[in-house]
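Below are some notes for a colleague who is opening this structure for the first time. They are numbered so that each can be checked against the display.

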Amino acid sequence: MLCDICKKREANIFITQIINSEKKTLYICDICASKLGIKGILKELNIPFDENILKKFLELMPGMIEEEKKEKSCSICGLKFKDFEKSGFLGCPNCYKTFKEELRPILLNLHGNVKHIGKKKGEKFTLETFFESELKRLKRELEYAIEEERYEDAAKIRDKINELIKNDKNNN
Amino acid sequence: MIKTIIKNLPKWINNYGAEGDIVISSRIRIARNLNDFKFPFKASIDEKKLIIDKILNVFKNSDFISRFNLIGYNLLDLSDIERNALVEVHLLSYQFIIDPYYKYFFINEDGDISIMINEEDHFRIQYLKEGFSLNEAMIFIYKIVDELENNLDFSYQSDFGYLTTCPTNLGTGLRISILCHLPFLSYSGKIRDIIDNSSKFSITFRGSFGEGTNPVSSLYQISNSTTLGKSEENILNMISKFGNEIIRIERKEKEVIIDKYKSEILDKIGRAIGVVKYSKKIDFDEANEILSWLRIGVIIKSLNIPLSLINQLILKIRPNLMKIEFNTTNDEEIDKLRSDYLKNVLGGLI
């Protein structure tokens with residue numbers, strides 16, 4: 001049987017993963033296994049760890065990443081992502097840095113958004129007109145779009161800003 | 001002071017506010033956390049004590065407490081009935097009192113400000129106002145929050161905004177809600193469609209008692225369901241607009257219902273009066289239903305009772321407030337006392 005990773009050499013190692021009683025087996029050759037950092041195989045070849053092979057491996061066994069994600073813990077409070085999934089509560093401010101990527105889809109689902117648009121820390125809250133608050137919101141969105149190099153979005157937002165300003169002038 | 005607030009009720013329920021026929025009260029709540037501490041859910045006993053000490057220390061060195069007329073209490077120093085009574089007048093949350101250890105709170109004499117420490121977040125700051133008065137309430141509560149921010153290091157991240165224990169409050173940490181009496185939309189059943197569709201507008205719409213979508217009292221709480229990706233102003237405008245629309249359709253529905261079912265409505269009001277006058281026991285649910293019908297009676301001008309009195313009674317008939325009013329802990333006795341109380345207060349008016 002050929003190696004599932006390189007598809008060239010004969011496989012003589014197999015790795016089985018069972019998640020929710022679903023079984024998946026991957027067949028790997030000695031060389032790819034060594035490149036994955038699986039120790040005790042072909043010591044004499046001294047093959048260095050290869051990140052690309054690991055990427056390929058994780059693509060074929062995505063469950064491994066999920067498990068890794070859930071085991072990840074916050075260095076300040078020790079909360080694991082799977083604890084958060086159970087309780088819905090984060091443990092400390094640092095959790096938002098630790099689990100930033102994992103939280104994004106959750107935030108998108110909860111709020112339809114992942115970016116804070118409201119007042120910044122230290123800013124005072126004042127009641128604004130609709131024009132003022134819209135302008136502020138769009139400027140903030142423009143800032144984020146540029147930061148994230150989404151230039152097409154940025155152009156659209158700029159058009160919206162210009163239109164808002166034009167409408168406001170016409171109304172006054 | 002707690003006894004006075006419980007006895008005389010908070011200012012926001014005693015006053016009759018804007019659009020007061022429909023909107024009983026407006027409530028703004030803001031969640032904040034301190035930067036260098038674990039969230040209460042994960043904090044140890046020592047850390048929770050430290051959080052309280054730190055906050056009290058900061059307050060001691062400023063005029064914050066005196067400026068807003070606040071008095072601070074350790075939750076453990078209150079009796080179980082007092083704690084529950086403060087939940088019934090909306091000054092504390094139920095979640096806050098379930099576990100009374102290492103909890104501290106501040107309230108003012110008017111009973112419209114409350115600051116809970118070590119609730120789900122380190123800070124839950126709340127301001128209540130009569131009627132539909134969101135703008136004033138927003139301006140006022142941010143005076144408090146801005147002042148706190150001057151003296152304390154709140155946890156904040158530029159991308160996620162103010163950090164909260166539960167991501168449902170992330171960003172602005174702002175929850176704006178209005179408590180509405182919507183008997184006509186309830187009577188016609190149209191309220192169901194509105195509730196089913198409200199999530200599309202990032203609005204949470206729920207019966208103010210329990211889980212039911214059709215509470216006997218026709219009291220509903222309308223609030224924003226999202227806090228991230230919108231400014232404070234956006235959220236305010238959203239609730240204002242939605243609230244105005246609800247007021248408009250409730251009034252329209254009133255005309256339709258009165259036109260079609262006036263005799264049925266008058267019959268229900270008459271029966272509610274009958275129960276107050278002649279019954280010997282009234283339980284909590286029945287009292288809510290009666291007060292809702294009396295409120296309808298006032299709105300359609302068939303009764304002449306001040307609406308603010310009915311609003312006060314909506315709070316007064318709650319179990320723990322009754323226990324304090326009549327100085328009893330006997331649950332059995334409450335229904336009888338409630339019946340006597342309503343007879344007494346409403347006697348000359350119905």
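1. A salt bridge here is a side-chain nitrogen of Lys or Arg within 4 Å of a carboxyl oxygen of Asp or Glu. By that rule A:Lys115, A:Glu148, A:Arg150 and A:Asp153 are linked in a network. Please keep in mind that this is a predicted model.

2. Within that network, A:Glu148 pairs with A:Arg150, and their closest N and O atoms are 2.9 Å apart. A:Glu148 is partly exposed, with a relative accessible area of 35%. A:Arg150 is also partly exposed, at 32% relative accessibility. Over all chains the structure holds 28 salt bridges.

3. Chain B has a salt bridge between the side chains of B:Arg67 and B:Glu147, at 2.8 Å from N to O. The pair links distant parts of the chain, 80 residues apart: B:Arg67 belongs to helix α4 (residues 64–67) of chain B and B:Glu147 to helix α7 of chain B. Are the two partners buried or exposed? B:Arg67 counts as partly exposed at 42% relative accessibility, while B:Glu147 is buried with a relative accessible area of 16%.

4. Another salt bridge in chain B joins the side chains of B:Asp121 and B:Arg124, at 3.0 Å from N to O. The relative accessible area of B:Asp121 is 0%, so this residue is buried. B:Arg124 is buried as well, with a relative accessible area of 6%.

5. B:Arg124 is also among the contacts of B:Ser114, together with B:Leu91, B:Phe106, B:Ile107, B:Ile125 and B:Gln126, when neighbours within four places in sequence are left aside. B:Ser114 sits in strand β4 (residues 113–117) of chain B. Its relative accessibility is 0%, and it therefore counts as buried. The side chain of B:Ser114 reaches the backbone oxygen of B:Leu91 at 2.8 Å.

6. A second serine to inspect is B:Ser93, in the loop between α5 (80–88) and α6 (94–98) of chain B. Why does B:Ser93 count as buried? Its relative accessibility is 18%, and the cut-off for buried is under 20%. Apart from neighbours within four places in sequence, B:Ser93 is in contact with B:Val87, B:Met116 and B:Glu119. B:Ser93 and B:Glu119 are 26 residues apart in sequence, with their C-alpha atoms 8.3 Å apart in space.

7. Two backbone angles deserve a look. B:Tyr102, a residue other than glycine, has a positive phi, near 60 degrees. B:Tyr102 lies in the loop between α6 and β3 (104–108) of chain B and is partly exposed, with a relative accessible area of 27%. B:Lys301 has a positive phi too, near 65 degrees. B:Lys301 is placed in the loop between α11 and α12 (307–316) of chain B, and at 74% relative accessibility it counts as exposed.

8. Next, the interior. In soluble globular proteins, nonpolar side chains tend to be buried together. The largest nonpolar core has 58 residues, of which B:Leu86, B:Leu92, B:Phe105, B:Leu294 and B:Leu342 touch the most other members. Helix α11 (residues 284–299) of chain B supplies the largest share of this core, 8 residues. Not counting residues up to four places away in sequence, B:Leu294 touches B:Ala272, B:Ile273, B:Leu303, B:Ile310, B:Leu346 and B:Ile350. Another core lies apart from the largest one and has 55 residues, including B:Ile51, B:Phe59, B:Ile117 and B:Ile176.

9. The contact between the chains takes 47 residues from chain B and 40 residues from chain A. About 3,600 Å² is buried between them, and carbon and sulfur atoms give 62% of that area. On the side of chain B, B:Phe160, B:Pro167 and B:Glu233 lose the most area to chain A, together 17% of what that side buries.

10. How many salt bridges cross this interface? The rule finds 4 between chain B and chain A. A:Lys119 and B:Asp146 form a salt bridge through their side chains, at 3.9 Å from N to O. The rule also finds 18 residue pairs in polar contact across the interface, both residues being at pLDDT 80 or more.

11. Elements giving two or more residues to the side of chain B that touches chain A are α7 (134–151), β6 (156–157), β7 (161–162) and α10 (232–278) of chain B. α7(B) gives the most, with 7 residues. By class, that side of chain B has 17 nonpolar, 19 polar and 11 charged residues.

Technical notes. Residues are numbered from 1 along each chain as its sequence is written. Chains are lettered from A and ligands numbered from 1 in the order in which they are written. This is a predicted model: local features need pLDDT of at least 70, side-chain atom pairs count only at pLDDT 80 or more; totals for chains, interfaces and linings use all residues. Side-chain values use heavy atoms; hydrogens and water are left out. Contact means heavy atoms within 4.5 Å. Buried area is the accessible area (1.4 Å probe) that two parts lose on being put together, summed over both. A polar contact is a pair of N or O atoms within 3.5 Å; within protein, one must be able to donate a hydrogen and the other to accept it, and residues adjacent in sequence count only if both atoms are side-chain atoms. Helices (H or I, at least four residues) and strands (E, at least two) are DSSP runs, numbered from the N terminus. Ala, Val, Leu, Ile, Met, Phe, Trp, Tyr, Cys and Pro count as nonpolar, Asp, Glu, Lys and Arg as charged, and the others, Gly among them, as polar. A nonpolar core is a set of buried Ala, Val, Leu, Ile, Met, Phe, Trp, Tyr and Cys residues joined through side-chain atoms within 4.5 Å. Buried means under 20% relative accessible area, exposed over 50%, partly exposed in between (1.4 Å probe, protein chains only).
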